[in-house]
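Visitor: I'm new to reading protein models and I'd like to look closely at one part of this one. Could you take me to the nonpolar core and show me what sits around it?

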Amino acid sequence: MLNDRSSALSLLQTRRSGRPRDLVEPGPHEAQLGEMIRIAARTPDHGKLAPWRFVHVPRDRRSAFAELLHRAYRIDNPQPARLETEAVDRLAHQAPTLVVALSSPLEGTKIPLWEQELSCGAACMNLLSAAHAMGFAAGWITGWAAYSEQVRRAFARDGERIAGFIYIGTPANPLEERPRPPLDRILSEWPAPADT
């Protein structure tokens, strides 16, 4: 069973993102989303800088978000094909809840930028885990829109970057496991044994 909520450990052992295009109602209500964001903020944060923030795009603003995405997409693709246009539109309208995660590093501190960016990634992961722990599924994506300057300016302040789009809802289809790396590929001992 994926996203098994029978214990904290079971959830971590079975955590699986949901594909944003497969997430449907119900999504979290306002109080649930607020709780998810509070949980997201309980992340490693050297210097207590909170170098991240989140922007909720409510359902009644998704058409305006779609218009922004279409304008931004056409900057590099002036005559998009029908399938491209549909994909851009889907990006704006999929899943009941959309949160834009922003890396918001503070300059002039002793905390390196890299550590602040890692903290942002950890906050995003906490948001996904919170959504799953509350019985929803979530998917974190980037793609072209996360790197579009026009989209960035619509959400971010100077010095901020889009860390991703986090979609939250209820899976329309059963979640499917994906391959995970074997332990011996991702864990080693230090120092490495000498070559023989």
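Guide: Let's start with the whole chain, go into the core, and then work outwards to the charged pairs and the surface.

Keep in mind that this is a predicted model. The protein chain has seven helices and five strands, and along the sequence they come in the pattern α-β-α-β-α-α-β-α-β-α-β-α. Taken along the principal axes, the C-alpha atoms fill a box of roughly 60 × 45 × 40 Å. Of the 196 residues in the chain, 42% are buried.

Now for the part you asked about. The largest nonpolar core has 25 residues, and the ones that touch the most other members are Phe65, Leu69, Val100, Phe155 and Phe165. Which elements supply at least two residues each to this core? They are strand S2, helix H3, helix H4 (82–93), strand S3, helix H6 and strand S5 (161–171). Helix H3 gives the most, with six residues.

Three of those well-connected residues are worth a second look: Phe65, Phe155 and Phe165 form one aromatic cluster. The structure holds three aromatic pairs. One of them is Phe65 with Phe155, an edge-to-face pair with 5.7 Å from centre to centre and 85 degrees between the planes. This pair links distant parts of the chain, since Phe65 is in helix H3 (residues 62–76) and Phe155 is in helix H6 (residues 149–155), 90 residues apart. Are these two rings buried or exposed? Phe65 has 4% relative accessibility, so it counts as buried. Phe155 is buried as well, at 13%.

Helix H3 takes part in another such pair. The ring centres of Tyr73 and Trp144 are 5.1 Å apart and their planes stand at 65 degrees, so this pair is edge-to-face. Again distant parts of the chain are linked: Tyr73 belongs to helix H3, while Trp144 sits in the loop between strand S4 (137–141) and helix H6, 71 residues away. Tyr73 counts as buried, at 13% relative accessibility, but Trp144 is partly exposed, with a relative accessible area of 32%.

Next, have a look at the strands. Strand S2 (residues 52–57) is mostly covered, with five of its six residues buried. S2 pairs with strand S3 (residues 97–103) in the antiparallel sense, over six bridges. If you want a spot to find on the model, His56 stands opposite Val99 in S3. Leu102 also lies in strand S3, and its relative accessibility is 0%, so it counts as buried. Leu102 and Glu160 are 58 residues apart in sequence, yet their C-alpha atoms are 6.5 Å apart in space.

Glu160 brings us to the charged residues. Side chains of opposite charge can pair when their charged atoms come close. The model has eight salt bridges, and in one of them the side chains of Arg53 and Glu160 meet at 2.8 Å, N to O. Arg53 lies in strand S2 and Glu160 in the loop between H6 and S5, so the pair ties together parts that are 107 residues apart in sequence. You might picture charged residues out on the surface, but have a look at the values here. Arg53 is at 19% relative accessibility, and because buried means under 20%, Arg53 counts as buried. Glu160 is buried too, at 4%.

Compare that with Arg82 and Glu86, whose closest N and O atoms are 2.8 Å apart in a salt bridge. These two are four residues apart in helix H4, so about one helical turn separates them. Arg82 is exposed, with a relative accessible area of 57%, and Glu86 is partly exposed at 36%. Another salt bridge joins the side chains of Glu177 and Arg180 at 3.0 Å, N to O. Both partners are partly exposed: Glu177 at 45% and Arg180 at 37%. Elsewhere, salt bridges that share partners join Glu149, Arg152 and Arg153 into one network.

Let's finish on the surface. Which residues make a nonpolar surface patch of about 330 Å²? They are Leu183, Ile186 and Leu187. Ile186 is found in helix H7 (residues 183–186), and with a relative accessible area of 57% it is exposed, whereas Phe65, back in the core, is buried.

Terms used:
Residues are numbered from 1 along each chain as its sequence is written. This is a predicted model: local features need pLDDT of at least 70, side-chain atom pairs count only at pLDDT 80 or more; totals for chains, interfaces and linings use all residues. Side-chain values use heavy atoms; hydrogens and water are left out. Buried means under 20% relative accessible area, exposed over 50%, partly exposed in between (1.4 Å probe, protein chains only). Two strands pair if DSSP finds at least two bridges between them. Patches are made of residues with over 30% relative accessible area and no salt bridge: like charges are joined within 9 Å, nonpolar side chains (Val, Leu, Ile, Met, Phe, Trp, Tyr) within 5 Å. Accessible areas come from the Shrake-Rupley method with a 1.4 Å probe; for residues, only the protein chains shown count as cover. A salt bridge is a side-chain nitrogen of Lys or Arg within 4 Å of a carboxyl oxygen of Asp or Glu. Rings of Phe, Tyr and Trp (its six-membered ring) pair if their centres lie within 6.5 Å; planes under 30 degrees apart count as stacked, over 60 as edge-to-face and the rest as tilted. A nonpolar core is a set of buried Ala, Val, Leu, Ile, Met, Phe, Trp, Tyr and Cys residues joined through side-chain atoms within 4.5 Å.
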